[in-house]
Amino acid sequence: MRITLTIDDDLAGLLKRRARELGVPFKDVVDLTLRAGLGEEAKAGRCPNRRPFRMRFGFRPGIDLDKLGQLADELEAEAYAAGQQ
């Protein structure tokens, strides 16, 4: 089925990078990702030579989550202060 949809730029970038890593067309990565998200990853796709992959979510090693929380707090405080003026 042919369909047009809008994907956020950051997600499109992740999907394109994954397609390059796997050496498969962008469409196949979108299909595989949707199947995985819907819990149907066991169904056969159209790409018989594809390698299995796992979507990794989270932060890269070395990222200090405490500092990210501090940054979020500071940004929230700035937004609150800007709204009070």
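Which side chain does Lys27 meet in a salt bridge? That of Asp31, with an N to O distance of 2.4 Å. Keep in mind that this is a predicted model, so here is the wider picture before we return to that pair.

**The overall layout**

The protein has three helices and zero strands, and the order from the N terminus is simply α-α-α. Of its 85 residues, 13% are buried. About 7800 Å² is exposed, and carbon and sulfur atoms supply 55% of that area. Looking at contacts with a separation of 6 or more, 28% link residues that sit 24 or more positions apart.

**How far to trust it**

The average pLDDT is 78, and 75% of the residues score at least 70. Helix H1 has the highest confidence, with a mean of 90, while H3 (residues 65-84) has the lowest, at 83. Where pLDDT is low, the predicted coordinates should not be read in detail.

**The core between H1 and H2**

The largest nonpolar core has six residues: Leu15, Ala19, Leu22, Val24, Val29 and Val30. Helix H1 (9-22) and helix H2 (26-38) each put in at least two of them, and H1 gives the most, with three. In soluble globular proteins, nonpolar side chains tend to be buried together.

Ala19 is a good place to zoom in. Leaving out residues up to four places away in sequence, Ala19 touches Val24, Pro25, Phe26 and Val29.

Now for H2 itself. This helix has 13 residues and spans 18 Å from first C-alpha to last, close to the 18 Å expected at 1.5 Å a residue. Its buried residues are Asp28, Val29, Val30 and Leu32, and they pack against H1. Just past the end of H2, Gly39 adopts a positive phi of about 80°.

**Salt bridges**

How many salt bridges turn up in a search of the whole structure? Three, and here they are:

| Side chains | N to O distance |
|---|---|
| Glu21 and Arg17 | 3.6 Å |
| Arg18 and Glu21 | 3.4 Å |
| Asp31 and Lys27 | 2.4 Å |

Why can these side chains reach each other? An α-helix has 3.6 residues a turn, so residues three or four places apart point the same way. Glu21 and Arg17 fit that picture because they are four residues apart in helix H1, about one helical turn. Arg18 and Glu21 also both lie in H1, three residues apart, which is again about one turn. Over in helix H2, Asp31 and Lys27 are four residues apart, so about one helical turn separates them too.

The H1 residues don't act as isolated pairs on the page: Arg17, Arg18 and Glu21 are linked in a network of salt bridges. What about their exposure? Glu21 is partly exposed at 38% relative accessibility, and Arg17 is partly exposed as well, at 37%. Arg18, by contrast, counts as buried because its relative accessibility is 11%, below the 20% cut-off.

Back to the opening pair in H2. Asp31 has a relative accessible area of 27%, so it is partly exposed. Lys27 is partly exposed too, with a value of 41%.

Terms used. Residues are numbered from 1 along each chain as its sequence is written. Side-chain values use heavy atoms; hydrogens and water are left out. A nonpolar core is a set of buried Ala, Val, Leu, Ile, Met, Phe, Trp, Tyr and Cys residues joined through side-chain atoms within 4.5 Å. Buried means under 20% relative accessible area, exposed over 50%, partly exposed in between (1.4 Å probe, protein chains only). Helices (H or I, at least four residues) and strands (E, at least two) are DSSP runs, numbered from the N terminus. Contact means heavy atoms within 4.5 Å. pLDDT is the predictor's confidence in each residue, from 0 to 100. The expected span of a helix is 1.5 Å times one less than its number of residues. Accessible areas come from the Shrake-Rupley method with a 1.4 Å probe; for residues, only the protein chains shown count as cover. A salt bridge is a side-chain nitrogen of Lys or Arg within 4 Å of a carboxyl oxygen of Asp or Glu.
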